[in-house]
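Hi,

Here is the structure I promised to pass on to you. Have a look at it first, and then read on for what I found.

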Amino acid sequence: MNDLISLKLRRKIDNYKKSGGKRSRRANAQRIERFIRWCGCPGEEIGRKHVHLFFTEKQFSATTDRDYFYSICKLWQMLDRNKEPPRPPSMR
């Protein structure tokens, strides 16, 4: 996993966990890290296709879909992406 999360992205995730609601932010950071591990490529190389495949393969409940979507949105912000990631089927 360490190879998949660059030092710059690791710092952003750690800084995110330090402020705000601790329990919620810790859970979001864990979801981000799980998603990056699932993708199997560095965080900076993750794209929309990875998000589509993730939600298609996992088939989470609507609530879990929503939680992962917002965590992936936070990852997108950390990566300075302009658009938001694709929504899971349960949120369309």
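Let me start with the cysteines. This is a predicted model, and in it the sulfur of C41 has its closest cysteine sulfur in C39, at 5.4 Å, which is too far for a bond. A disulfide would need the two sulfur atoms within 2.5 Å. Seen from the other side, C39 likewise has C41 as its closest cysteine sulfur, at 5.4 Å, and that is too far for a bond. In line with this, the structure holds zero disulfides.

Are these two cysteines buried or exposed? C41 has a relative accessibility of 11%, so it counts as buried. C39 has 15%, so it counts as buried too. The cut-off for buried is under 20% relative accessible area.

Where does C41 sit? You will find C41 in the loop between α2 (22-39) and α3 (48-58). Leaving aside residues up to four places away in sequence, C41 touches L4, I36, I46 and H50. If you would like a distance to check on your screen, take C41 and F55: they are 14 residues apart in sequence, and their C-alpha atoms are 17 Å apart in space.

Now for the protein as a whole. Its secondary structure consists of four helices and zero strands, so the order from the N terminus reads α-α-α-α. The radius of gyration is 12 Å, close to the 12 Å that the globule rule gives for 92 residues, so the protein is as compact as a globular protein of that length. Along the principal axes, the C-alpha atoms fill a box of roughly 30 × 30 × 25 Å.

On contacts, take the pairs of residues at least 6 apart in sequence: 55% of the contacts between them join residues at least 24 apart. Of the 92 residues in the protein, 35% are buried, and C39 and C41 are among them.

The surface comes last. The protein exposes about 5,800 Å², and carbon and sulfur atoms supply 46% of that area. As for charge, the protein has 22 positive and 10 negative charges, and the mean positions of the two sets are 5 Å apart.

If you look at one spot, I would pick the loop between α2 (22-39) and α3 (48-58), where C41 lies.

Best wishes

Note on methods. Residues numbered from 1 in each chain as written. Predicted model: local features only at pLDDT ≥ 70, side-chain atom pairs only at ≥ 80, totals over all residues. Heavy atoms only, no water. Helix = DSSP H or I, 4+ residues; strand = E, 2+ residues; numbered from the N terminus. Rg over C-alpha atoms; globule rule 2.2 N^0.38 Å. Buried < 20%, exposed > 50% of the residue type's maximum accessible area, 1.4 Å probe, protein only. Contact = heavy atoms within 4.5 Å. Areas by Shrake-Rupley, 256 points an atom, 1.4 Å probe, with all protein chains shown as cover. Lys, Arg positive; Asp, Glu negative; His and termini not counted. Charge placed at Lys NZ, Arg CZ, Asp CG, Glu CD.
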